[in-house]
Amino acid sequence: MTEPTIENTTTDYDLSALVIPLLKGVIYQENDAILWHALLQLQARVRDYVGVLGLELVLDEAEGYAFLRARKEEPDDDAAPKLPRLIARRPLSFPVSLLLALLRKKLAEFDAGGSDTRLMLSREEIVELMRVFLPERSNEARLIDQIETYINKIVELGFLRRLKPVTASPGKQAVVFEVKRILKAFVDAQWLANLDARLADYQAYLANEHGESSDG
């Protein structure tokens, strides 16, 4: 008996078998090669199907991920009936947005080096990324705990993946994260080009927040 191949299992998928996983979250090539191949073959039908629901398919074949997002409303569509949103927007706190921006910048620098395709960062490296933008605290443990909550939120959003701890030194293990490349789809090149100005705004905002809290 022969093993099923990607090619001869694609026909086993109908639109429901592709759209339902997309409605639940991101499809990654590395997680399910057969499902991914089926999506590539049937993506035109998937786009038409989800378009009726007011959604659009975002598929990056090179990076190996696909997800659904709400279709942008055209300026001349004011008279059209508004559809309820199937994909909810998630408001992010200011520090979480800042950390996402810093991770995106780090990913761009990493890609420019061209040495590998997976960016791995330790918890300590992520803490150092954030430290310069946060008010100074005398309690180092509290600062790290605070940044840890931001990291956990980004893990929950799917932009970071927690890996198995690695041995950093005898008797000590380091917590390591992979920066998921899908982050590029949410923080695009145009936004990244203006990042330095945005980071300056972040620093001004945080300095103001720190000043107000100190006055209080």
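Two strands are said to pair if DSSP finds at least two bridges between them, and helices (H or I, at least four residues) and strands (E, at least two) are DSSP runs, numbered from the N terminus. The structure above is a predicted model, in which local features need pLDDT of at least 70 and side-chain atom pairs count only at pLDDT 80 or more, while totals for chains, interfaces and linings use all residues. Residues are numbered from 1 along each chain as its sequence is written, and side-chain values use heavy atoms, with hydrogens and water left out.

The chain has nine helices and eight strands. Of its 216 residues, 33% are buried, where buried means under 20% relative accessible area, exposed over 50%, and partly exposed in between (1.4 Å probe, protein chains only). Among the contacts (heavy atoms within 4.5 Å) with a separation of 6 or more, 57% join residues that lie 24 or more positions apart.

A good place to begin is the open sheet of three strands, which follow the order E1-E3-E2 with antiparallel pairing. Strand E1 (27–28) and strand E2 (55–60) are its edge strands, each of them pairing on one side only. Strands of a sheet pair through backbone hydrogen bonds, either parallel or antiparallel. Six bridges hold E2 and E3 together in the antiparallel sense, and here Leu-57 has Leu-68 in E3 as its bridge partner. These two strands form a hairpin with four residues between them, and Gly-64 in the turn has a positive phi of about 80°. On the other side, E1 and strand E3 (residues 65–70) pair over two bridges, again antiparallel, with Tyr-28 opposite Tyr-65 in E3.

Two helices meet this sheet. Helix H2 (residues 15–24) lies across E1, E2 and E3 and runs at about 75° to E3, the axes being lines fitted to C-alpha atoms, for helices over the stretch in contact, and the angles running from 0 to 180 degrees between N-to-C directions. Helix H3 (residues 33–52) packs on the sheet and touches E1, E2 and E3, its direction making about 155° with that of E2.

The next topic is the interior. A nonpolar core is a set of buried Ala, Val, Leu, Ile, Met, Phe, Trp, Tyr and Cys residues joined through side-chain atoms within 4.5 Å. The largest such core has 34 residues, and Leu-99, Leu-103, Met-130, Ile-154 and Leu-160 have the most contacts inside it. At least two of its residues come from each of E3, helix H4 (94–113), strand E4 (119–122), helix H5 (123–131), helix H6 (140–157) and strand E8 (176–179), and H4 gives the largest share, eight residues. Apart from this core lies another, of 18 residues, including Leu-22, Trp-36, Leu-39 and Leu-57.

How do H4 and H5 lie relative to each other, parallel or perpendicular? Their axes come within 10 Å and cross at roughly 110°, and the two helices are therefore roughly perpendicular (65 to 115 degrees; under 35 counts as roughly parallel, over 145 as roughly antiparallel and the rest as oblique). Their contact is made by residues including Leu-99 and Leu-103 of H4 and Met-130 of H5.

Finally, strand E8 has two antiparallel partners described here: four bridges join E4 to E8, and strand E5 (residues 160–162) pairs with E8 over three bridges. Leu-119 has Val-179 in E8 as its bridge partner, while Arg-161 is matched with Glu-178. Val-176 and Glu-178 point one way from E8, Phe-177 and Val-179 point the other way, and all are buried.
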